[in-house]
Amino acid sequence: MRWEEVAAEAVALGFAACGVAPVADLRKEGERLDAWLESGKEAGMAYMARNREKRRNPELLVEGARSVVVTLTNYYAPALAVSPEVPVVARYAYGRDYHGAVKERLFQLFAFLREREDRRLRGRVFVDSAPVFEREWARRAGLGWIGRNTLLIHPRWGSFCFVGVIVSDFEPESYSEPWTAGRCGTCHRCVDACPTGALKPYSVDANKCVSYNTIERKEPIPEEVRVKMGNRFFGCDACQEVCPWNRRAVPHCDAAFRPNEWLRRMTREDWMRLDEATFQERFSDSPLLRPGLPHLQSILSGK
Ligand code: SF4
Ligand code: SF4
């Protein structure tokens, strides 16, 4: 099967784009990750230092792996909060938790490969859930370039996309062409727009990043970050909102990521009054469930 046939099926399943790259040892990306970790920019994400060999070499994730099928899922939506009183949440978090939704489609795509190619194909699907250099695989699969904001930018869909991969022993008749040159040019908007100075070209310091601090950090947020966060309380889209390649982004119409109406309407006061049972009921399949209500309320209260 040619890679174009895989991509056509992926689009039929609801993915925005798809490409297929041959398996390779990502030595250079591994060295970059080592340097990033040595400089302490991973903050509390100790998991980034684990399984570095597996991250570099997909054959350690799936024995005999031959290809990496990479998919993009568009989650772009224009500003969603109904008023300035509503605390700001990163766009990806408005719908249901993307891990499950994207994985379901990846399993369907893999089932198609097995059906059409060989029922004995072996593979695994990953969505931000394993040591995989997803963005580099997306670049190698021809889905765009890695921008100064460190994100994968697709020339049509921009950067508001989830990257999902299938690592398997599937060997297509042809692979998609890798994207070799970036199109950031002399633009510097993302770096200039970063509210905390966390972003340097092609590198994020998680210690200062609003996304890391509001979503993953277990300890209280440092004062120097807090004072620059503005009204954000879960994630940050600043380095994507200013990107000229996102001006062409098309709002998704994907039922899986229909915005949670409570998130669009609840003010800071509503959040502070919310009890655990109501939180569980309103956000049962939301990415906000994982950090939990006490964490979200502590961010909003500035503690
Ligand atoms: S997510 Fe926000 S804080 Fe983090 S690098 Fe981007 S602009 Fe800066
Ligand atoms: S804002 Fe400019 S420099 Fe940053 S990723 Fe977009 S095009 Fe590249």
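**A chat about the sheet, the domains and ligand 2**

Me: I'm new to this one. How many strands form the open sheet, and in what order?
Reply: In this predicted model, 4 strands make up an open sheet, running S1-S2-S7-S4, with antiparallel pairing.

Me: Which strands are at the edges?
Reply: Those are S1, covering 17-22, and S4, covering 123-126. Each of these two pairs on one side only.

Me: And what holds paired strands together in general?
Reply: Strands of a sheet pair through backbone hydrogen bonds, and they can do so in a parallel or an antiparallel way.

Me: Back to this sheet: how many degrees are neighbouring strands turned against each other?
Reply: On average 20 degrees, with direction ignored.

Me: Let's look at S1 and S2. Over how many bridges do they pair?
Reply: Over 6 bridges, in the antiparallel sense, and S2 spans residues 67-74. To find your place there, look for Ala21, which stands opposite Val68 in S2.

Me: Which strands does helix H1 touch?
Reply: H1, residues 3-13, packs on the sheet and touches S1 and S2. The direction of H1 makes about 145 degrees with that of S1.

Me: What about helix H4, which strands does that touch?
Reply: H4, residues 98-116, also packs on the sheet, touching S2, S4 and S7. S7 is the strand at 161-168, and the direction of H4 makes about 40 degrees with that of S7.

Me: OK, zooming out. What domains does the chain have?
Reply: The domain assignment gives domain 1 (3-79 + 91-168) and domain 2 (189-248 + 259-301).

Me: How many Å apart are their C-alpha centres?
Reply: They lie 23 Å apart. As for contacts, 30 residues of domain 1 touch 30 residues of domain 2.

Me: New topic, ligand 2. Which residues surround ligand 2?
Reply: The shell consists of Arg148, Asn149, Ile153, Cys184, Cys187, Arg189, Cys190, Cys243, Pro244 and Trp245. By class, that shell has 7 nonpolar, 1 polar and 2 charged residues.

Me: Which domains do they come from?
Reply: Domain 1 and domain 2 each supply at least three residues of the shell around ligand 2.

Me: Last one: where is His295 found?
Reply: His295 is in helix H13, which covers residues 293-301.

Me: Does His295 count as buried or exposed, and why?
Reply: Buried, because the relative accessibility of His295 is 17% and the cut-off for buried is under 20%.

Me: Which residues is His295 in contact with, neighbours in sequence aside?
Reply: Leaving out those within four places in sequence, His295 contacts Thr214, Ile215 and Arg217.

Note on methods. Residues are numbered from 1 along each chain as its sequence is written. Chains are lettered from A and ligands numbered from 1 in the order in which they are written. This is a predicted model: local features need pLDDT of at least 70, side-chain atom pairs count only at pLDDT 80 or more; totals for chains, interfaces and linings use all residues. Side-chain values use heavy atoms; hydrogens and water are left out. Two strands pair if DSSP finds at least two bridges between them. Axes are lines fitted to C-alpha atoms, for helices over the stretch in contact, and angles run from 0 to 180 degrees between N-to-C directions. Contact means heavy atoms within 4.5 Å. Buried means under 20% relative accessible area, exposed over 50%, partly exposed in between (1.4 Å probe, protein chains only). A residue is near a molecule or strand if one of its heavy atoms lies within 4 Å of it. Ala, Val, Leu, Ile, Met, Phe, Trp, Tyr, Cys and Pro count as nonpolar, Asp, Glu, Lys and Arg as charged, and the others, Gly among them, as polar. Domain bounds come from an automatic or database domain assignment.
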